[in-house]
Amino acid sequence: MDRFRIAANLATLANGLVGLGAVLYVLAGNKLWAMLLIVSGVGFDGLDGLFSRKSPTPSGAFGRVADSLAD
């Protein structure tokens, strides 16, 4: 597995965790932190796409499913 594919998968996982945190902050009533986490999630989603396009190997099943869930 190449380093760009690993970086893309890590960015996808970070996007999912940040999104989960944003939902929890909304439920707790802290909308400012939720907004900041959503903005950082957009950044992680962009990094995921960038790393995925730089990778010479095609995306695996994990990357496709995880990216759909994180988005």
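**Thr12.** I looked up Thr12 and found it buried, with a relative accessible area of 3%. The model is predicted, so I take this as a computed value. The cut-off for buried is under 20%, and Thr12 meets it because its value is 3%. Thr12 sits in helix 1. What does Thr12 contact once its neighbours within four places in sequence are set aside? I noted Asp48, Ala66, Asp67 and Ala70.

**Helix 1.** I then went through the helix that holds Thr12. Helix 1 covers residues 3–28, which is 26 residues. From its first C-alpha to its last I get 37 Å, close to the 38 Å expected at 1.5 Å a residue. Which residues of helix 1 are buried? My list reads Arg5, Ala8, Asn9, Ala11, Thr12, Ala14, Asn15, Val18, Gly21 and Ala22. Those buried residues pack against helix 2, residues 31–54, and against helix 3, residues 61–70. After helix 1 comes Gly29. I checked the phi of Gly29 and found it positive, near 90°.

**Nonpolar patch.** Next I turned to the surface. I found a nonpolar patch of about 600 Å². Its members are Tyr25, Leu32, Trp33, Met35, Leu36 and Val39. Which element gives the largest share of the patch? Helix 2 does, with 5 residues.

**Trp33.** I picked Trp33 out of the patch for a separate check. Trp33 lies in helix 2. Is Trp33 buried, exposed or partly exposed? I recorded a relative accessible area of 44% for Trp33. Buried ends at 20% and exposed begins over 50%, so Trp33 at 44% counts as partly exposed.

**Whole chain.** I closed with the totals. The protein has 3 helices and 0 strands, and from the N terminus on I read the order as α-α-α. Along the principal axes, the C-alpha atoms fill a box of roughly 45 × 20 × 15 Å. Of the 71 residues, 28% are buried. How much area does the protein expose? I noted about 4,800 Å², with carbon and sulfur atoms supplying 72% of it. For contacts, I took the pairs at least 6 apart in sequence and found that 71% of them join residues at least 24 apart.

How values were computed: Residues are numbered from 1 along each chain as its sequence is written. This is a predicted model: local features need pLDDT of at least 70, side-chain atom pairs count only at pLDDT 80 or more; totals for chains, interfaces and linings use all residues. Side-chain values use heavy atoms; hydrogens and water are left out. Helices (H or I, at least four residues) and strands (E, at least two) are DSSP runs, numbered from the N terminus. The expected span of a helix is 1.5 Å times one less than its number of residues. Buried means under 20% relative accessible area, exposed over 50%, partly exposed in between (1.4 Å probe, protein chains only). Contact means heavy atoms within 4.5 Å. Patches are made of residues with over 30% relative accessible area and no salt bridge: like charges are joined within 9 Å, nonpolar side chains (Val, Leu, Ile, Met, Phe, Trp, Tyr) within 5 Å. Accessible areas come from the Shrake-Rupley method with a 1.4 Å probe; for residues, only the protein chains shown count as cover. A salt bridge is a side-chain nitrogen of Lys or Arg within 4 Å of a carboxyl oxygen of Asp or Glu.
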